[in-house]
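Visitor: Hey, could you walk me through this protein? I'm new to this, so plain words please.
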Amino acid sequence: MKWLGNAGWVALVTATLGYAAAALAAERIDATSSEYKSHHIKSLEDKGRSTLSERWKEAKLQASLPGGFAHTAPNILEGADRLGRAFDVLTRSGRALKVVQLGDSHVAAGTYPAAVRTTLEKAWGSAAGDSISAPLRFNYLARNGATAEGFITPERAEQIAEMAPDLIIVSFGTNECHGMGYDPQAHRRQLETVYDRLTKACPEAVIMLTTPPGDYLSRTTTQAVRRGSRTQRRRMSVRGANPMTAKCAEVIRTFGSEKGLAVWNLNAIAGGDSSASNWVAARLMRPDRIHFTPEGYRLHGCLLGEAILSAYNSYLTAATAQN
């Protein structure tokens, strides 16, 4: 009977502890909830606000477009302050900032994201794995011919989530608008789908968008040809700057602004409607007038890296003023 009494006490204590643990678990904030994210972000912003390490210094910016480019815009991010949470991780979390760039063939070639990574590493340093002693870990995922909606499937979003990114750079648009049948409203719906997939899979990641650089489009036209006393109509293929690219860039820019995302508008920076002809004149595009030379992709990457660093410099200025 005494043994049974002890067993009863053990069962009672176990049940009581289990109930208490369940009650505490019920009171915890769900890690994917907006309340948790708000608390997490605030605590990260508050951490070390008055003791920002002196190792974080203003980055030097030196990349520029070739001198002959017409109708260019400053190489800055629209909504640059929206990267603040990513810079908080970089400067205050004590671990590596994890960046993932997603894209089409421009990114898949490897030269473009490598130049972004190298530009950031020069300013911040690099990380091996999840090293807490170095600040940057950069990866990319891309596929030739991809659109954002076709590439960032729910399954792909889960793959991205496994990388635990702090900053996701979404670089698509060329394939969405490579044709005169480009539909801005359909593209907007696709961006909404992609945004929902990424925010559901990676609720704490900062997302930024980039616009396509510009390309050429082959169109078939009919031309009247005079042969003696007769006039014949002949079909001809004509290649010129793709007029849909600027429209696509505007859809991406507007969507980013509405969602509170930073946007790097490469199309406008490189000249808007003149961007494709600017790239060609500088001999930075391949003969297909869609893809770029290694030098062209390196310039893309350096420009994007420095646009991010320009936002980082502004972040440091604001952080220093609060110290």
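Visitor: Let's start with Phe69: is Phe69 buried or exposed?
Guide: Phe69 is buried, because its relative accessible area is 10%, and buried means under 20%, exposed over 50% and partly exposed in between, using a 1.4 Å probe and protein chains only. One caution: this is a predicted model, where local features need pLDDT of at least 70, side-chain atom pairs count only at pLDDT 80 or more, and totals for chains, interfaces and linings use all residues. Residues are numbered from 1 along each chain as its sequence is written, and side-chain values use heavy atoms, with hydrogens and water left out.

Visitor: Okay. What does Phe69 pair up with?
Guide: With Trp279: the ring centres are 5.1 Å apart and the planes sit at 85°, so the pair is edge-to-face. For the cut-offs, rings of Phe, Tyr and Trp (its six-membered ring) pair if their centres lie within 6.5 Å; planes under 30 degrees apart count as stacked, over 60 as edge-to-face and the rest as tilted.

Visitor: Where do those two sit along the chain?
Guide: Phe69 is in the loop between α2 (34-46) and α3 (84-92), while Trp279 is in helix α11 (residues 275-281), so the pair links parts of the chain 210 residues apart. Helices here are DSSP runs of H or I with at least four residues, strands are runs of E with at least two, and both are numbered from the N terminus.

Visitor: How many aromatic pairs are there, and which residues cluster with Trp279?
Guide: The structure holds 9 aromatic pairs. Phe69, Trp279, Phe292 and Tyr297 form one aromatic cluster.

Visitor: And how covered is Trp279?
Guide: Trp279 has 0% relative accessibility, so it counts as buried. Leaving out residues up to four places away in sequence, Trp279 touches a list including Leu65, Phe69, Pro213, Leu284 and His300. Contact here means heavy atoms within 4.5 Å.

Visitor: What's the largest nonpolar core like?
Guide: The largest one has 45 residues, and Trp279 is among those with the most contacts inside it, along with Leu83, Trp124, Met208, Trp264 and Ile308. Helix α12 (residues 294-322) gives the largest share, 12 residues. There's also a second, separate core of 30 residues, which includes Val100, Ile152, Cys202 and Leu209. A nonpolar core is a set of buried Ala, Val, Leu, Ile, Met, Phe, Trp, Tyr and Cys residues joined through side-chain atoms within 4.5 Å.

Visitor: Can you pick a residue from α12?
Guide: Sure, take Leu304, which is found in helix α12. Leu304 is buried, with a relative accessible area of 0%. Apart from its neighbours within four places in sequence, Leu304 is in contact with Gln101, Tyr112, Val116, Ile169, Met208, Thr210 and Trp264. Leu304 and Tyr112 are 192 residues apart in sequence, and their C-alpha atoms are 9.3 Å apart in space.

Visitor: Gln101 is on that list. Which strand has it, and how covered is that strand?
Guide: Gln101 belongs to β1, and 7 of the 7 residues in β1 (residues 97-103) are buried. Leu97, Val99, Gln101 and Gly103 point one way from β1, and Lys98, Val100 and Leu102 point the other way.

Visitor: Which strands does β1 pair with?
Guide: β1 pairs with β2 (residues 136-142) in the parallel sense over 7 bridges, and 5 bridges join β1 to β3 (residues 167-171), also parallel. Two strands pair if DSSP finds at least two bridges between them. Leu97 stands opposite Leu136 in β2, and Val99 stands opposite Leu167 in β3.

Visitor: New topic: which residues have an odd backbone angle?
Guide: Most residues other than glycine have a negative phi. Ala164 has a positive phi of about 50° although it is not a glycine, and phi of Arg289 is near 60°. Ala164 is in the loop between α7 (154-162) and β3, while Arg289 is in the loop between α11 and α12.

Visitor: And how exposed is each of them?
Guide: Ala164 is partly exposed, with a relative accessible area of 37%. Arg289, at 22%, counts as partly exposed as well.

Visitor: Last one: how many helices and strands are there?
Guide: The chain has 12 helices and 7 strands. Buried residues make up 42% of its 323 residues.
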